[in-house]
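Open your viewer and get ready to click through a few stops. At each one, make the selection, look around, then move on.

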Amino acid sequence: MTEHKIATHEEWQAARDELLAGEKELTRRSDELARKRRELPWVPVEKEYEFETAGGTKPLADLFDGRSQLLVYHFMFGPRYDAGCPVCSSIADNLDANAVHLRARDVTLICSSRAPLEKLQRYKERMGWNFNWVSTVGSDFNRDLGFLHTEEELKPFLAGELPPAVVQNAQACGTDAATYVAEGPGLSAYALSDGAVYRTYVTTARGLEPVMGYYGLLDRTPFGRHEEGEQVFWLRRRDEYSA
């Protein structure tokens, strides 16, 4: 017998109407934040970053592929990884499905990692993705955005008890925890205007939830994310779930 509160339809509708008012307020607040996000000042990208692509080495401006806006997902796949991060892989599943719709709105979406291009292409083929995936030449691109950490910076974190999810994901990537967390996930946005590239937005951590569509869906199920107290992180690569 369930221990959850049971109600009549009328009682449920009253509670639902109260919740709906809060949901609408959250939507209005989200719209306001989106407006402020668009109004952020732009920063000229003056450093000459280079990327290995299927079409050869290219500068950042060429990654726009003829469009005026560029979204880059910084995928955790370091040079010493055997495979991509499972969490980033779940995000890439969502990104891949949306790339065609973003192109229709003058936005090019790509992923970027520090692993060699050949390794990225093999993994992309395994996962069945179609988005363009580039390999950064050098470490500056990730480092300048805060998505690459030094051993010294990581010492306080690594000295403590590591979260089980970190250990699990490091093993899934075929590397150790220190090498795994040296890389960081993130999303950065750029505009191309009169031949100049501008950085317009950068986010990481909980700011990445909009590209983790499964969480929004789970938040609407009876048991929600149901992650509290779990010692084994539930996310897997799409071809690793048992059912």
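Which residues lie nearest the centre of the largest pocket? Select Arg37, Leu71, Leu187, Ala189 and Tyr201 to find out. Keep in mind that you are looking at a predicted model.

**Stop 1: the largest pocket**

Those five residues belong to a lining of 27. The space inside the largest pocket comes to about 860 Å³. Now colour the elements that give two or more residues to the lining: H1, strand E4 (69-74), helix H2 (86-103), strand E5 (107-113), strand E7 (186-193) and strand E8 (196-203). Which element gives the largest share of the lining? Pick out H2, which supplies five residues. Next, colour the lining by residue type. You should find 17 nonpolar residues, seven polar ones and three charged ones. How can empty space be located at all? A probe the size of a water molecule is rolled over the atoms, and this shows where space is left.

**Stop 2: salt bridges**

How many salt bridges does a search of the whole structure find? The search finds 19. Visit a few of them.

Start in helix H1 (residues 9-38), and show the side chains of Arg28 and Glu25. They form a salt bridge, with 3.2 Å between the closest N and O atoms. Why can these two side chains be linked along one helix? Arg28 and Glu25 are three residues apart in H1, so about one helical turn separates them. Switch on the surface as well. Arg28 is partly exposed, at 49% relative accessible area. Glu25 is partly exposed too, at 44%.

Move on to Arg35 and Glu39. This pair also forms a salt bridge, and its closest N and O atoms are 2.8 Å apart. Are the two residues buried or exposed? Arg35 is partly exposed, with a relative accessible area of 30%. Glu39 has 51% relative accessibility and counts as exposed; the cut-off for exposed is over 50%.

Now select Lys47 and Asp140. Their side chains meet in a salt bridge, at 3.7 Å from N to O. Lys47 sits in the loop between strand E1 (43-44) and strand E2 (50-53), while Asp140 is in helix H4 (residues 140-145), so this pair ties together parts 93 residues apart in sequence. Lys47 is partly exposed, at 42% relative accessibility. Asp140 is partly exposed as well, with a relative accessible area of 42%.

Finish this stop with a group. Select Arg126, Arg237, Asp239 and Glu240 together. A network of salt bridges links them.

**Stop 3: a hairpin**

Return to E2 and add strand E3 (residues 56-59). In which sense do they pair, parallel or antiparallel? They pair in the antiparallel sense, over four bridges. The two strands form a hairpin, with two residues between them. To follow one bridge, click Glu52 and look across to E3. The bridge partner there is Thr57.

**Stop 4: a loop residue**

Last, select Thr175. Look for it in the loop between helix H6 (164-172) and helix H7 (177-182). Is Thr175 buried or exposed? Thr175 is buried, because its relative accessible area is 14% and buried means under 20%. Which residues does Thr175 touch, leaving aside those up to four places away in sequence? Show Arg80, Tyr81, Ala170 and Tyr180 to see these contacts.

How values were computed
Residues numbered from 1 in each chain as written. Predicted model: local features only at pLDDT ≥ 70, side-chain atom pairs only at ≥ 80, totals over all residues. Heavy atoms only, no water. Salt bridge = Lys/Arg side-chain N within 4 Å of Asp/Glu carboxyl O. Buried < 20%, exposed > 50% of the residue type's maximum accessible area, 1.4 Å probe, protein only. Pairing = 2+ DSSP bridges. Contact = heavy atoms within 4.5 Å. 1 Å grid on protein atoms, 1.4 Å probe; cavity = no way out; pocket = protein on both sides within 12 Å on 5 of 7 lines; lining within 4 Å. Points joined across faces, edges and corners; volume = space filled by probe spheres on them. Nonpolar A, V, L, I, M, F, W, Y, C, P; charged D, E, K, R; others polar.
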